[in-house]
Structures are given as C-alpha cells and as structure tokens.
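Me: I should like a close look at a single part of this model, namely the nonpolar core and what surrounds it. Please give one connected account.

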Amino acid sequence: MKDVKVLGSGCRNCETTGQLIQQVADECGVTIALEKVQDIAAIMAYGVMSTPGVVVDGKVVHAGGVPDRKKVESWLS
Amino acid sequence: MFETLGDFVVFRLLGLSAESAAGQAVHFFVADSAKIFALLVAIIYVMGLLRALLSPERVRAFVRGRPTWLARSTAITLGAVTPFCSCSSVPLFIGFVEAGIPLGVTFSFLIASPMINEVAVVLLVSLIGWKLALVYVAAGLTVAYVGGMIMERFRPERWVEEYVWKIHMGEAGLAEPDNSLRGRHAYALAEVREILRRVWKWVFIGVGVGALFHGFVPLDWARQLGDAWYSVPAAVLVGAPLYSNAIGVVPVAEAMLVKGVALGTTLAFMMSIATLSIPEMLILRKVIKWPALALFAGVLVVAFTLVGWGFNLMA
C-alpha cells in the first residue's frame with residue numbers, strides 16, 4: 001500500500017490531481033491511502049511552493065501543475 | 001497575415017462594411033485574437049523547450065543569500081521573465097520570508113511579476129512596436145525596483161501575519177527534469193495548455209474591450225480623454241480594482257494608442273490593471289495585514305501616476 005498526499009490549498013488543479021491519482025490506482029489495482037494536505041504550513045514543510053504537489057511515501061515526486069497520467073503510473077507501479 | 005484573415009472573415013464572410021464602426025470593431029477582434037493566440041502558443045512552447053519557465057522554488061534558490069541590491073535585481077528579472085499565476089503569490093511570499101529574503105525585495109518581485117512577462121512583451125512588440133515595448137518594460141522595472149525600496153522604508157515586517165514567521169520549509173529534493181527532446185516537448189506542451197487555460201478569458205476580454213474602443217469611441221473624444229492632467233490619476237484609479245492579466249491588457253492599450261490617447265495615460269492604465277487588483281489584494285491579505293496592503297496600493301498608485309505624467313510631459 002502506498003501513501004499518497006496531494007498538496008494544494010483547494011484549487012481546481014489540486015482536485016483534478018487527486019481524482020487522477022485515485023483513478024489510475026483503481027485501474028492498476030493498487031491500494032493507496034490518498035490524503036489532501038491543504039494547510040499552507042504543512043505544504044511548505046515539504047519544500048513545495050507551486051501547487052499542486054504530490055508526495056509518495058514521504059517523498060516529493062511532483063510540484064506545479066497537474067501531472068500527466070504516465071507519471072502517475074510510474075509512481076504507483 | 002492576421003490582417004488578411006480579419007479582412008476575409010469580417011468583410012467577406014460576415015459582409016460587414018470596412019467603414020462601419022461594427023465592421024472595424026469585429027475586424028479588430030478577429031485579427032487580434034487570432035494573432036495573440038498564435039503568438040501565445042509559439043512563445044510558451046519555445047520557452048518550455050528551453051526550460052526557461054522557472055518554478056517558484058528555483059526563483060527562491062536564486063535570490064536567497066545575496067546582497068540586497070543584487071537580490072532585488074534578480075527577483076525583478078525572474079519575476080518579469082516567468083508568468084506566475086497569482087495563486088502562487090502566498091507560497092512565494094512565505095518562501096521568500098522563510099529564506100531570509102528582505103521584505104522589500106519580495107514586494108519588488110510582487111510588483112514586477114504580474115506587470116511584465118515575456119509573452120506580454122512579445123505581444124507589445126508585435127502589436128504596438130518595440131519602442132513602446134521597451135518604454136513599458138523600463139518603466140515597469142523601475143517602478144518595481146523603487147517601489148520595493150520605498151516599502152522597505154516603512155518597516156513592513158510589523159504587518160506580516162504571525163504564522164508566516166513560524167513556517168519552516170523543507171528541502172523539496174525534486175526529481176531531475178527529463179531533459180531529453182521528448183521530455184522537453186511534453187513539458188512545453190503541458191505549459192502551453194496550462195498557461196492558455198489560465199489566460200484565455202483575459203485575452204478575449206482584453207481584445208473585446210479593445211475592439212469596442214477601436215470601433216466606437218470617437219477620435220476627438222479619445223484624444224481629449226488622454227491629455228488632461230487628471231486623466232492619468234483617473235486612469236490609474238479606474239484600473240486599480242480591475243484585474244486582467246498583462247497579456248489581456250495589450251490589445252486594450254493598442255486600441256487606446258491607435259485612437260490617440262496619450263502614451264503616459266495608456267501606460268499608467270496598463271500598469272494599474274495588470275498589477276493592482278482586488279483579487280490580488282485578497283490573496284495577499286492571507287500573509288500581510290491591511291495597513292501593508294494599503295501602503296502597497298498607495299505606493300503603486302503614486303508610482304503609476306508619476307510614470308504617466310512623466311511620459312505625457314515628454315511627448
């Protein structure tokens with residue numbers, strides 16, 4: 001099981017990113033714990049300034065903009 | 001090329017007369033929006049391929065730990081080069097504070113970033129000529145530099161929200177970007193999509209207002225409008241609460257200048273619309289208190305008015 005966090009203060013791109021990750025996980029049959037991190041202090045604690053950002057198992061893998069599907073697949077595999 | 005397209009669509013397909021106000025307005029709308037979108041896609045794609053669009057994380061890394069004058073120059077240049085979304089103003093502000101970058105430098109950045117970006121500059125060059133583009137950029141950089149310095153004099157630290165000082169940033173350790181040609185192409189396309197999605201409505205609004213002005217405002221009236229001494233502060237005050245992206249402002253300025261509105265008045269109006277707005281103030285309110293916001297708005301209103309008067313006097 002992977003621990004995935006979407007960093008972003010509730011913007012539309014952040015919603016889209018969360019949905020995309022959940023969708024890819026369902027399709028690949030991977031179970032994930034998806035969490036939205038909306039608190040700006042918590043987001044910046046990851047060193048991310050451009051949202052949405054994505055954290056997988058405690059590591060920042062993406063920041064700034066909605067990631068593309070291929071990238072999401074590579075994180076979850 | 002875009003003129004021909006405009007001629008074809010408006011005069012042939014729609015059958016409007018080239019002499020009528022409606023014909024001129026629609027022609028302006030068609031030719032300008034086609035031109036602006038073509039340029040937007042081309043410029044953003046090329047910038048993306050070159051990886052010249054910096055993330056806020058990298059801007060912060062470039063600016064931190066430098067002597068103030070150099071930090072300020074770097075911040076302004078980087079702010080001018082990259083079209084940041086105003087939604088990243090808050091993390092940028094906090095990130096700058098946390099890196100120990102002086103607040104005055106941060107304000108300089110916040111002024112330069114929305115006012116100038118390379119897409120708007122290319123549009124200015126192709127729609128109203130390189131001389132005026134240069135004037136706009138030079139005036140904008142000066143206002144950003146001096147404006148930030150003046151803000152610093154007022155010790156704005158006392159107006160920063162408490163929680164901002166307590167945030168500690170981690171090191172992101174982001175994955176290295178994929179620098180193969182395919183990786184760059186994918187990144188450039190994604191940037192084009194992202195930025196277009198953010199600015200398309202401002203472009204249409206800008207071109208629409210420009211078109212109405214172009215078609216329907218009488219020449220004499222426009223000329224008088226720009227020349228009176230009070231027209232500059234009036235333009236600044238009208239533009240201040242309004243928001244448009246710097247890119248959307250260009251066609252409005254084009255229409256104003258073609259109609260003979262004075263240069264200084266037009267410049268002041270452009271700067272005021274692109275930089276000051278109610279949405280931007282509400283976003284910044286999350287990190288600084290009202291007195292600092294009022295001061296920020298006040299300094300900019302005065303600066304834009306001086307720029308406008310300066311250029312009107314020189315003309």
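Reply:

**A residue of the core and its surroundings**

Leaving aside neighbours within four places in sequence, B:A268 is in contact with B:V232, B:A235, B:V236, B:F304, B:T305, B:V307 and B:G308. The structure is a predicted model, and these contacts should be read as part of that prediction. For chain B the pLDDT averages 87, and 96% of the residues score at least 70. The model as a whole scores ipTM 0.74 and pTM 0.86.

B:A268 also belongs to the largest nonpolar core, which has 109 residues. B:A268 is among the residues with the most contacts inside this core, together with B:A112, B:A120, B:L267, B:M270, B:M271 and B:V307. B:V307 thus appears twice, as a contact of B:A268 and as another residue with the most contacts inside the core. Helix α2 of chain B, residues 21-49, supplies the largest share of the core, eleven residues. In soluble globular proteins, nonpolar side chains tend to be buried together.

Burial can also be followed along a single helix, α4 of chain B. Its buried residues are B:A71, B:R72, B:A75, B:I76, B:L78, B:G79 and B:A80. They pack against three helices of chain B, namely α3 (56-63), α6 (103-115) and α8 (130-153). An α-helix has 3.6 residues a turn, so residues three or four places apart point the same way. The length of α4(B) can be checked as well: its 14 residues, 68-81, should span 20 Å at 1.5 Å a residue, and the end C-alpha atoms are 20 Å apart, which agrees.

Helix α3 of chain B has a further role in the contact with chain A. That contact takes 23 residues from chain B and 16 residues from chain A. On the side of chain B, the elements giving two or more residues are α3, α5 (89-98) and α10 (181-216), and α5(B) gives the most, with five residues. By class, this side has 13 nonpolar, six polar and four charged residues.

Two exposed loop residues stand in contrast to the buried ones. B:R155 lies in the loop between α8 and α9 (162-166) of chain B; B:R155 counts as exposed because 10 other C-beta atoms lie within 10 Å, and its phi is near 50°, a positive value in a residue other than glycine. In chain A, D57 is placed in the loop between β3 (53-56) and β4 (59-63). A:D57 is likewise exposed, with 11 C-beta neighbours inside 10 Å, and phi of A:D57 is near 50°, again positive in a residue other than glycine.

Definitions and conventions: Residues are numbered from 1 along each chain as its sequence is written. Chains are lettered from A and ligands numbered from 1 in the order in which they are written. This is a predicted model: local features need pLDDT of at least 70, side-chain atom pairs count only at pLDDT 80 or more; totals for chains, interfaces and linings use all residues. Helices (H or I, at least four residues) and strands (E, at least two) are DSSP runs, numbered from the N terminus. The expected span of a helix is 1.5 Å times one less than its number of residues. A residue is buried if 20 or more other C-beta atoms lie within 10 Å of its own, exposed if 12 or fewer, and partly exposed in between; C-beta atoms are placed from the backbone. Two residues are in contact if their C-beta atoms, placed from the backbone, lie within 7 Å. Ala, Val, Leu, Ile, Met, Phe, Trp, Tyr, Cys and Pro count as nonpolar, Asp, Glu, Lys and Arg as charged, and the others, Gly among them, as polar. pLDDT is the predictor's confidence in each residue, from 0 to 100. A nonpolar core is a set of buried Ala, Val, Leu, Ile, Met, Phe, Trp, Tyr and Cys residues joined through C-beta atoms within 7 Å.
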